[in-house]
Amino acid sequence: MKTMFWNVDTLVDFMHEDGKLYVPEAESLEPNLEKLTAIAKDYGINVVNVADSHDEDSIELSDNPDYVTTFPPHCMYGTIGANYVSATTPEDAYTADWRESLDEKAVEEHRNIVLTKNDFDVFHEERGSPHVNRVMEILDSGRAVVYGVAANVCVNFAVEGLLERGIEVYVVADAIKG
């Protein structure tokens, strides 16, 4: 069975203390995230790198957030906060942006795929990635190793979505924070 890595939101705004929506102690994960990135590279493992990528009209953004369904602006498209931390920056990646159409040939040709999303849940039918299911079909992996932030939100949605699609899921306990 083919394995893929599933990197969830290891972005500056979540991972660094000065980020817009910092996950406490997330930077402590970086040595383990760096090891996972190296393993994927060394063994030629496909990595699906999921990334929040919001516009100003994103439904989850609010100036008066409830921190349940709405949050302050974060991971705004084109900002430093929407970039991956150095430990997980995808090398030679194809970005399947939720705002654009999918280039299936590019998915086939790249080991690193970035799936941008406009929701907590990459699998959300309206605001997740419209490309997630097709990318998974192209990669044809039956197993996913999941890591990233935030464990109780986006990582959880990723795990549930993968399981619902019949993927065998392993979560790296020392590479997630909530």
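In which strand does D52 lie? Select D52 and colour the chain by secondary structure: the residue belongs to strand β2. The model on display is a predicted one, and the tour below proceeds from this residue to the strands, the helices and the loops.

**Stop 1: D52 and its polar partners**

Keep D52 selected and turn on the molecular surface. Buried means under 20% relative accessible area, and D52 counts as buried because its value is 2%. Next, show the side chains of H74 and K117. The side chain of D52 makes a polar contact of 3.1 Å with that of H74, and another, of 2.4 Å, with the side chain of K117. Expanding the selection to contacts, with residues up to four places away in sequence left out, brings in D9, L11, F14, E60, H74, C75, K117 and D119.

**Stop 2: strand β4**

K117 leads to the next element, since this residue is also part of β4 (112-117). Select the whole strand. Six of its six residues are buried, so β4 is largely enclosed by the rest of the structure. In a regular strand the side chains alternate between the two faces of the sheet. Display the side chains of β4 to follow this pattern: N112, V114 and T116 point one way, whereas I113, L115 and K117 point the other way, and all are buried.

Now add the strands that pair with β4. Strand β2 (residues 46-52) runs parallel to β4 and is joined to it by six bridges; V50 is the residue that stands opposite L115. Strand β3 (residues 93-96) also pairs with β4 in the parallel sense, over four bridges, and here A93 stands opposite N112. Trace the chain from β3 to β4: the path goes through helix α3 (residues 104-109), and this β-α-β crossover is right-handed.

**Stop 3: R99, between β3 and α3**

On that path, stop at R99, which is found in the loop between β3 and α3. R99 is partly exposed, with a relative accessible area of 28%. Two polar contacts can be drawn from its side chain. One of its polar atoms lies 2.9 Å from the backbone oxygen of S53, and a contact of 3.2 Å joins the side chains of R99 and D55. Beyond four places in sequence, R99 touches S53, H54, D55, Y77 and T116. For a distance label, pick the C-alpha atoms of R99 and T10: they are 89 residues apart along the chain and separated by 20 Å.

**Stop 4: helix α4**

Select α4 (132-139). Its buried residues are V132, V135, M136, I138 and L139. Look down the helix axis: these residues fall within an arc of 160°, so they line one face of the helix. An α-helix has 3.6 residues a turn, so residues three or four places apart point the same way. The buried residues of α4 pack against β1, β2, α3, β4 and α5.

Just after α4 comes D140, with a positive phi of about 50°. D140 lies in the loop between α4 and β5 and is exposed, with a relative accessible area of 58%.

**Stop 5: helix α5 and the nonpolar core**

Which residues of helix α5 are buried? Select residues 151-164 and highlight C154, V155, A158, V159, G161 and L162. The elements that cover them include β1 (3-8), β4, α4, β5 (143-149) and β6 (168-177). Just after α5, G166 takes a positive phi of about 80°.

L162 is also a member of the largest nonpolar core, which has 56 residues; M4, W6, V146 and L162 touch the most other members. Centre the view on V146. Apart from neighbours within four places in sequence, V146 is in contact with W6, V8, V155, V159, L162, V169, Y170, V171 and V172.

**Stop 6: backbone geometry**

Most residues other than glycine have a negative phi, and most peptide bonds are trans. Two further places are worth selecting in this light. The peptide bond from V149 to A150 is cis, with omega near -20°; A150 lies in the loop between β5 and α5. Y67, in the loop between β2 and β3, has a positive phi of about 60° although it is not a glycine.

Technical notes. Residues are numbered from 1 along each chain as its sequence is written. This is a predicted model: local features need pLDDT of at least 70, side-chain atom pairs count only at pLDDT 80 or more; totals for chains, interfaces and linings use all residues. Side-chain values use heavy atoms; hydrogens and water are left out. Buried means under 20% relative accessible area, exposed over 50%, partly exposed in between (1.4 Å probe, protein chains only). Helices (H or I, at least four residues) and strands (E, at least two) are DSSP runs, numbered from the N terminus. Contact means heavy atoms within 4.5 Å. Two strands pair if DSSP finds at least two bridges between them. A crossover is right-handed if, with the strands pointing away from the viewer, the path from the first strand over the helix to the second runs clockwise. A nonpolar core is a set of buried Ala, Val, Leu, Ile, Met, Phe, Trp, Tyr and Cys residues joined through side-chain atoms within 4.5 Å. A polar contact is a pair of N or O atoms within 3.5 Å; within protein, one must be able to donate a hydrogen and the other to accept it, and residues adjacent in sequence count only if both atoms are side-chain atoms. The arc is that of the directions from the helix axis to the C-beta atoms.
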